[in-house]
Amino acid sequence: MPTVEELYRNYGILADATEQVGQHKDAYQVILDGVKGGTKEKRLAAQFIPKFFKHFPELADSAINAQLDLCEDEDVSIRRQAIKELPQFATGENLPRVADILTQLLQTDDSAEFNLVNNALLSIFKMDAKGTLGGLFSQILQGEDIVRERAIKFLSTKLKTLPDEVLTKEVEELILTESKKVLEDVTGEEFVLFMKILSGLKSLQTVSGRQQLVELVAEQADLEQTFNPSDPDCVDRLLQCTRQAVPLFSKNVHSTRFVTYFCEQVLPNLSSLTTPVEGLDIQLEVLKLLAEMSSFCGDMEKLETNLRKLFDKLLEYMPLPPEEAENGENAGNEEPKLQFSYVECLLYSFHQLGRKLPDFLTAKLNAEKLKDFKIRLQYFARGLQVYIRQLRLALQGKTGEALKTDENKIKVVALKITNNINVLIKDLFHIPPSYKSTVTLSWKPVQKVELGEEPSGEVEVAEVGEHEEIVVGEESTE
């Protein structure tokens, strides 16, 4: 094992040799042997090995292995020095191997070391993006769980920081190709991260790119399989996938496959859904997703059948008025509960799909069924008007900070919901029913009113966030 003095002497030989440095193979071998010495020798070797690496291609494997030994040393300062110098080994055919090594080193628990590894990976990414991706995806597909997890997170956080000249169209195509291999077997969390990675790629910002992403999500959601409402994993997968798909839909990228699946497979099983997350109102979550997707549904094969399923589900939440006793009082013990949050979602979805078959209520339902629906609408609208008056009175004169209390946030959202339902019910009361009104779903940001459009009377409050289920009955807003 060489001493510190011998390392310096051989370093001098190589440094002084200038253009003839490649002729001093023995001197470089002494430096490589420095990794077997003590702390001081190793520290010097960590600096000297990369400095002359490019001059000795025949010793490339030995040099990389020597540096790798230092990257795994017990002394943290030696490890950090060795990691910092690793990008100097990333030349030509060695680069994928260096990328592979750096990816494995992401498993470190030392924060300074972890940052060095990240910086080194970014450094070689700028030298050769394809080679670096080769090392990263090799570990994602075959590495240990902790390495896989951190490599995916590296891609999801760092890719967007790279300049356009690094993330070329070819590089993005490679990311998509390799990601598809990984997506054949991923956890829910990994799937979300990969959708974040892919939806951020410039080449997938086009209509055809978005369509490609929707097809990827549909494949992941397994929309060809029969839905199992009692399997929390099945429910969770559908929710996770649909949440990823929703932002991709537009007037040119249709949600038809997902809306069809929800109408045919999920709505009939709504009450028997098993929640994958404790405390989540799974039924409301599903109905909100359906409502968001319904705006972008294209031509549907079984439109009338699916519209009827949606209509039947809506009826479940639109109660008939309680029967009156002979003295004019309610014969029952209590008024039916009005589940406004559910009704907003179902009514909005029905209104959106109803536009595609505007004579559904008049031509596809028998007269008795239509009369029954009108009675339910009328009863619901009556309760709605009472609640809207109560909410407006409670919020009257409140601005700024006063509207940001938890209690008032709920009231503001409740007012949005009830306003929306009110607008949609008015449409359906037209003869024939109309589908012209536009509302913004209560949990979505309020859209600016364009010139020439009628404002819908919605209340706008910043950062209201997700709403709780709004149920009225027994003098409560749950």
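Here is a short back-and-forth about how some labels for this predicted model follow from its numbers.

User: What makes the protein chain more spread out than a compact globule?

Analyst: Compare two radii. The globule rule gives 23 Å for 478 residues, while the radius of gyration of the protein chain is 32 Å, well over that, so the chain is more spread out than a compact globule. The C-alpha atoms fill a box of roughly 110 × 50 × 50 Å along the principal axes. The chain holds 20 helices and 3 strands.

User: And how much of the protein chain is buried?

Analyst: Buried residues come to 49% of the 478. Looking at contacts with a separation of 6 or more, 72% are between residues 24 or more positions apart. The accessible surface is about 24,200 Å², and 47% of that belongs to carbon and sulfur atoms.

User: Which residues touch the most other members of the largest nonpolar core?

Analyst: That core has 156 residues, and Y28, I49, L102, F258, F350 and L361 touch the most other members. Helix α19 (residues 367-395) gives the most to this core, with 11 residues. Take I49: leaving out residues up to four places away in sequence, I49 touches partners including Y28, I31, L32, V35 and F89.

User: Why is the R97 and D61 pair called a salt bridge?

Analyst: The cut-off is 4 Å from a side-chain nitrogen of Lys or Arg to a carboxyl oxygen of Asp or Glu. For R97 and D61 the N to O distance is 3.4 Å, so the pair passes. R97 lies in helix α6 and D61 in helix α4, so the pair ties together parts that are 36 residues apart in sequence. By this rule the count comes to 22 salt bridges.

User: What makes R97 partly exposed?

Analyst: Its relative accessibility is 30%. Buried needs under 20% and exposed needs over 50%, so a value in between is partly exposed.

User: What about E172 and K202: which parts does that pair tie together?

Analyst: Their side chains meet in a salt bridge at 3.6 Å, N to O. E172 sits in helix α10 and K202 in the loop between α11 and α12, so the pair ties together parts 30 residues apart in sequence. E172 is buried at 4% relative accessible area, whereas K202 is partly exposed at 40%. D164 joins these two in a network of salt bridges.

User: Where do D372 and R376 lie?

Analyst: Both are in helix α19, 4 residues apart, which is about one turn of the helix. Their side chains meet in a salt bridge at 2.7 Å, N to O. R376 has a relative accessible area of 15%, so the buried label applies.

User: D427 is buried, so how do you know that D427 has no salt bridge?

Analyst: Check the nearest side chain of opposite charge. That is R355, and it is 6.1 Å away; the cut-off is 4 Å, so no salt bridge is assigned. D427 lies in helix α20 (residues 406-429). Beyond residues up to four places away in sequence, D427 touches H351, P433, S434, Y435, K436 and S437.

User: Is S437 buried or partly exposed, and what makes it so?

Analyst: S437 has 22% relative accessibility, so S437 counts as partly exposed. S437 lies in the loop between α20 and β2. Apart from residues up to four places away in sequence, S437 touches H351, R355, V423 and D427.

User: What peptide bond joins I431 and P432?

Analyst: A cis one, with omega of about -5 degrees. P432 is also in the loop between α20 and β2.

User: Which phi value does T18 have, and what about D222?

Analyst: Phi of T18 is near 45 degrees, a positive value in a residue other than glycine. D222 likewise has a positive phi, near 60 degrees. T18 lies in the loop between α1 and α2, and D222 in the loop between α12 and α13.

User: Why is T18 called exposed, but D222 partly exposed?

Analyst: At 56% relative accessibility, T18 counts as exposed, since the bar is over 50%. D222 has 28%, so D222 counts as partly exposed.

Methods
Residues are numbered from 1 along each chain as its sequence is written. This is a predicted model: local features need pLDDT of at least 70, side-chain atom pairs count only at pLDDT 80 or more; totals for chains, interfaces and linings use all residues. Side-chain values use heavy atoms; hydrogens and water are left out. Helices (H or I, at least four residues) and strands (E, at least two) are DSSP runs, numbered from the N terminus. Buried means under 20% relative accessible area, exposed over 50%, partly exposed in between (1.4 Å probe, protein chains only). Lys and Arg count as positive and Asp and Glu as negative; His and the chain ends are not counted. Contact means heavy atoms within 4.5 Å. A nonpolar core is a set of buried Ala, Val, Leu, Ile, Met, Phe, Trp, Tyr and Cys residues joined through side-chain atoms within 4.5 Å. The radius of gyration is taken over C-alpha atoms; the globule rule is 2.2 Å times the number of residues to the power 0.38. Accessible areas come from the Shrake-Rupley method with a 1.4 Å probe; for residues, only the protein chains shown count as cover.
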